[in-house]
Amino acid sequence: MKKFVSAMIGLSIVATSAMADKVSMSKDGLGDFLIAPLYKAQGDICTKVNVYNTNTTESVLAKVVFREKKASNEVDFPIFLSPGDVWSGMVCQGANGDVFLTSNDDSNHPQIQATLTAGKDLTAHSKAAGNIDVDFTTGYIEVYPIAEFNEGSDAKVEKKVLVERWDKLIKGQLPEKLVKKGVDGYSLTGNIEFTTAGKPTSILPMVAFKGAHDKTLTGSSVAYGNDTSPDILLGTDKKYQLLKTLQHNTATFNYSNGGKDQYIAFTFPFGYVDNQIRKFKISVRDMSENKDVTKEVIFSPVPKVNSYTMQNEVAVVSVADIIAQTNNPAMFKEGQIQITDITNVTDVQLGAGKAPSFFATYFTMDKNAGNKDVVLNSFYTPVK
């Protein structure tokens with residue numbers, strides 16, 4: 001709360017219109033706010049992260065945020081995208097179990113380039129900030145735009161110029177060529193690549209939003225070392241609109257081979273607290289639409305309650321484990337699973353007892369010819 005108050009004191013907002021844009025999920029993959037709902041950096045699996053500025057005449061300043069799975073404890077840093085530029089980085093698990101981010105990209109701040117080239121220990125950094133129970137092997141990524149500049153041409157813009165402009169914003173100044181209405185909704189896009197032995201095995205696009213950033217922020221709120229808060233960088237109203245856009249209570253996905261090596265990851269952004277709990281129900285159907293449900297519960301014997309819980313801000317559910325607890329697992333080799341009535345138990349996101357805001361990502365894991373773990377495919381599942 002102290003950080004939030006101090007940041008708000010140092011905050012100045014520059015806007016050109018009293019009517020703010022409504023937040024919506026992008027249909028073309030371009031936007032002014034990005035989320036990669038899932039990354040993995042565990043064992044042989046690494047994740048390459050790519051953020052693109054598709055605008056060939058305007059520069060964009062942004063913050064990239066890695067959030068771990070338990071309570072979304074963050075490690076964030078700035079990137080400087082000139083027209084038509086891309087930033088890339090790779091997260092992998094080290095020999096000590098910690099997760100490291102490496103990036104040789106010239107869009108990094110000069111003061112942290114050497115650290116990123118050698119590898120930034122996300123786990124150690126978060127623990128040094130006072131977070132004890134963190135797990136960066138699984139998590140998600142947010143990309144917050146800070147400002148946009150109309151360069152007037154597609155000529156290369158030196159990164160030191162972009163760094164100087166960010167420094168001016170921190171001081172409350174308005175740099176030259178600043179687009180005062182904020183970052184537009186057709187410049188930023190991105191994706192993540194699950195890799196093994198340096199080779200991509202599956203690619204997942206980032207989810208883009210439009211109307212999330214219709215103002216330029218100046219002051220201490222955009223300082224490099226400040227915690228990245230959507231309440232500050234997007235505004236409480238924009239955060240609420242994002243939560244409403246992502247609010248669902250059902251996810252549906254297909255399974256095969258009895259669910260072997262198949263998983264569904266639920267990512268619940270904008271909670272940022274420990275001990276998040278949500279309850280849910282499950283039904284399993286085979287290809288003939290035979291359904292395994294006893295009082296809306298698939299588990300046998302029937303427990304005292306007919307709902308189950310998932311914890312953490314990123315919760316990974318094994319499809320094989322679900323099918324193994326049906327009344328007749330051999331019956332369910334291929335079909336459909338619905339996870340329904342997903343409800344916040346704790347007071348997070350839009351409140352206890354409310355449907356949560358989430359992304360549902362289906363992915364498979366297996367061994368390749370070299371007996372190394374790989375993510376073979378991944379995609380977002382239908383939600384409603």
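In the predicted model, Thr-138 is buried, with a relative accessible area of 3%. The residue belongs to strand β10, which covers residues 138-150. When neighbours within four places in sequence are left aside, Thr-138 is in contact with Leu-38, Tyr-39, Lys-40 and Gln-42, with Arg-67, Glu-68 and Lys-69, and with Val-314.

Strand β10 also takes part in the largest nonpolar core, which holds 67 residues, and in which Phe-33, Val-51, Leu-61, Phe-66 and Phe-209 touch the most other members. To this core β10 gives the most, with seven residues. The surroundings of Val-51 can be listed in some detail: not counting residues up to four places away in sequence, Val-51 touches Leu-34, Ile-79, Leu-81, Asp-85, Val-86, Trp-87, Val-143, Leu-188, Thr-189, Gly-190 and Met-206. A second core, separate from this one, is made of 23 residues and includes Tyr-255, Ile-337, Phe-358 and Tyr-362.

A search of the whole structure finds one disulfide, and this is formed by Cys-46 and Cys-92, whose sulfur atoms lie 2.1 Å apart. The bond links distant parts of the chain, since Cys-46 is in strand β4 (residues 45-53) and Cys-92 is in strand β7 (residues 86-93), with the two positions 46 residues apart in the sense that they are 46 residues apart. The torsion about the S-S bond is about 125°, and the disulfide is therefore right-handed. The two cysteines fall into separate classes of accessibility: Cys-46 counts as buried, at 13% relative accessibility, because the limit for a buried residue is under 20%, whereas Cys-92, with a relative accessible area of 22%, is partly exposed.

Turning to the sheets, four strands form an open sheet in the order β20-β16-β22-β23, with antiparallel pairing. Strands β20 (314-318) and β23 (373-380) stand at the edges, and each has a single partner strand, so that one side of each is left without a neighbour in the sheet. On average, and with direction ignored, neighbouring strands of this sheet are turned by 25° against each other. Strands of a sheet pair through backbone hydrogen bonds, either parallel or antiparallel. Strand β16 (residues 262-267) is joined to β20 by five bridges, and the two run antiparallel; within this pair, Ala-265 stands opposite Val-316 in β20. Although β20 is an edge strand, four of its five residues are buried, so β20 is largely enclosed by the rest of the structure.

An antiparallel pairing over four bridges is also found between strand β17 (residues 277-286) and β19, where the bridge partner of Ile-277 is Gln-311 in β19. The side chains of β19 (residues 308-311) alternate along the strand: Tyr-308 and Met-310 point to one face and are buried, while Thr-309 and Gln-311 point to the other face and are not buried.

Among the helices, α6 (residues 236-245) has as its buried residues Lys-238, Lys-239, Gln-241, Leu-242 and Leu-243. The elements that cover these buried residues include β3 (33-40), β13 (207-210) and α5 (230-233). Gly-235 lies in the loop between α5 and α6, and this glycine is itself buried, with a relative accessible area of 14%. Not counting residues up to four places away in sequence, Gly-235 touches Lys-215 and Pro-230. Gly-235 and Lys-215 are 20 residues apart along the chain, and their C-alpha atoms are separated by 9.8 Å.

The confidence of the prediction should be kept in mind when these features are read. The protein averages a pLDDT of 90, and 91% of the residues score at least 70. Over residues 15-19, however, the pLDDT is below 50, and this stretch has four contacts in the model beyond near neighbours in sequence. The pLDDT is likewise below 50 over residues 293-306, a stretch that has 24 contacts in the model when near neighbours in sequence are set aside.

Key:
Residues numbered from 1 in each chain as written. Predicted model: local features only at pLDDT ≥ 70, side-chain atom pairs only at ≥ 80, totals over all residues. Heavy atoms only, no water. Disulfide = S-S within 2.5 Å. Buried < 20%, exposed > 50% of the residue type's maximum accessible area, 1.4 Å probe, protein only. Pairing = 2+ DSSP bridges. Axes fitted to C-alpha atoms, helices over the stretch in contact; angles between N-to-C directions. Contact = heavy atoms within 4.5 Å. Core = buried A, V, L, I, M, F, W, Y, C linked by side-chain atoms within 4.5 Å. pLDDT = per-residue confidence, 0-100.
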